[in-house]
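The report below is written for a reader at the bench who wants to walk through a protein model strand by strand and then look at its hollow spaces. Please keep the sequence and the structure open while reading.

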Amino acid sequence: MSFFGFGQSVEVEIVLHDAESRKRAEHKTEDGKKEKYFLFYDGETVSGKVSLALKHPNKRLEHQGIKIEFIGQIELYYDRGNHHEFVSLVKDLARPGEITQSQAFDFEFTHVEKPYESYTGQNVKLRYFLRATISRRLNDVVKEMDIVVHTLSTYPELNSSIKMEVGIEDCLHIEFEYNKSKYHLKDVIVGKIYFLLVRIKIKHMEIDIIKRETTGTGPNVYHENDTIAKYEIMDGAPVRGESIPIRLFLAGYELTPTMRDINKKFSVRYYLNLVLIDEEERRYFKQQEVVLWRKGDIIRKSMSHQAAIASQRFEGTTSLGEVRTPSQLSDNNCRQ
């Protein structure tokens, strides 16, 4: 970035010490494009240098001080004037004075706390960035560099399967089961649906992955639903006693970990939405929340092998004996 005015101008650049070896991660910007940023995790040190390149070698640059900041902030799009900072660290690089030649200043933020994952959504953005500032009497010279933070989790201690019995009285009665309630972002959802009673002419069934972003508090809460994926389970009419298998790979979709009450500003939750459509185009659906989490990079077996193992484990479980009390599907338009 250059400062243009009377006298000297300067180009500011922020360079990380481990820029050549540090991994980069793709992250969506506000305009929906994907760009690559340096990837960090909670507790990692952020270090580098701020380089100042003077445009005119024979002129000096007067300043009121030079500093570097590490900032984590949440920006709600409906309240863009207010940035809610949850991390704010400052290092002074130079006292007020003047610069007569190009130079660089080293900086280090040791074991920086980065409690939340970077996120860009429909109504909110959580970002981490470095900001170098040369204070001037008229206009400050500012250079920012964004980074991306991923939050890692360990395998959940409790990860029970989801079993549920749903139906419309005297019309439709099904049992469905998913092998787990918590999935990592590269996981495979394995399940099955069993038809106990079918008096509706069903022509199509699918599972949707729905992301629900919640912003605001109290009476100003706003929900934004986004259908991430549609997975067709069945095309045609099921019969009583039929069992439909489910195997849904998550790796191909743009997902984030579940984020709950982040700094009391927003939440991101995920739901599996079971949808049945009859011949009269009526829709029956049942939603079930699942928790998504991110695990660290390890040597993985192929996804197909992973799915096979999950399927074997799941199909070896007992029948749906521990079924919850039947609950109504969301459409009770059954007139057969």
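β3 (34–40) and β12 (141–149) run parallel and are joined by two bridges, and in this pairing Phe40 stands opposite Val149 in β12. Strands here are DSSP runs of E with at least two residues, helices are runs of H or I with at least four residues, and both are numbered from the N terminus; two strands are said to pair if DSSP finds at least two bridges between them. The model is a predicted one, in which local features need pLDDT of at least 70 and side-chain atom pairs count only at pLDDT 80 or more, while totals for chains, interfaces and linings use all residues. Residues are numbered from 1 along each chain as its sequence is written, and side-chain values use heavy atoms, with hydrogens and water left out.

**Strand pairings**

β3 also pairs with β2 (24–28), to which five bridges join it in the antiparallel sense. Glu26 stands opposite Lys36 in this pairing. The two strands form a hairpin with five residues between them, and Gly32 in the turn has a positive phi of about 90°.

A separate description can be given for the open sheet of three strands, which has the order β1-β4-β9 and antiparallel pairing. Its edge strands, each pairing on one side only, are β1 (10–16) and β9 (103–109). Neighbouring strands of this sheet are turned by 20° against each other on average, direction ignored, where the axes are lines fitted to C-alpha atoms (for helices over the stretch in contact) and angles run from 0 to 180 degrees between N-to-C directions. β1 and β4 (residues 46–54) are held in register over seven bridges, with Glu11 opposite Ala53 in β4.

Further along the chain, Tyr194 takes part in two pairings of β16 (residues 188–198): Glu175 stands opposite Tyr194 where β14 (residues 172–178) meets β16 in the antiparallel sense, and Tyr194 in turn stands opposite Ser243 in β19, a strand that also runs antiparallel to β16. As background, side chains in a regular strand alternate between the two faces of the sheet.

The pairings are listed here with their bridges.

| Strands | Sense | Bridges |
|---|---|---|
| β1 and β4 | antiparallel | seven bridges |
| β2 and β3 | antiparallel | five bridges |
| β3 and β12 | parallel | two bridges |
| β14 and β16 | antiparallel | seven bridges |
| β16 and β19 | antiparallel | seven bridges |

**Pocket and cavity**

β2 and β3 return in the account of the largest pocket, since both belong, with β10 (119–120), β12 and β18 (222–235), to the strands that each supply at least two residues of its lining. The largest share, five residues, comes from β2. The pocket has a volume of about 920 Å³, and of the 34 residues that line it, the closest to its centre are Glu26, His150, Leu185, Leu255 and Arg294. By class the lining has 13 nonpolar, seven polar and 14 charged residues, with Ala, Val, Leu, Ile, Met, Phe, Trp, Tyr, Cys and Pro counted as nonpolar, Asp, Glu, Lys and Arg as charged, and the others, Gly among them, as polar.

On a 1 Å grid over the protein atoms alone, a pocket is an open set of points with protein on both sides within 12 Å along at least five of seven lines, a cavity is a set where a 1.4 Å probe fits but cannot get out, and lining residues have an atom within 4 Å of a point. Grid points are joined across faces, edges and corners, and a volume is the space filled by probe spheres set on the points.

The structure holds one cavity of 30 Å³ or more, and the largest cavity has a volume of about 40 Å³. Ile189, Ile209, Leu250, Leu255, Tyr270, Leu272, Val290 and Leu292 form its lining, to which β21 (266–278) and β22 (283–293) each give two or more residues. The lining divides into eight nonpolar, no polar and no charged residues.

**Loop residues**

Tyr270, one of the cavity-lining residues, is joined through its side chain to that of Thr256 by a polar contact of 2.9 Å (a pair of N or O atoms within 3.5 Å; within protein, one must be able to donate a hydrogen and the other to accept it, and residues adjacent in sequence count only if both atoms are side-chain atoms). Thr256 is found in the loop between β19 (243–249) and β20 (259–262), and Thr256 counts as buried because its relative accessibility is 16%; buried means under 20% relative accessible area, exposed over 50%, and partly exposed in between, with a 1.4 Å probe and protein chains only.

His111, in the loop between β9 and β10, counts as exposed because its relative accessibility is 61%. His111 has a positive phi of about 45° although it is not a glycine. Glu281, in the loop between β21 and β22, likewise has a positive phi, near 65°, in a residue other than glycine.
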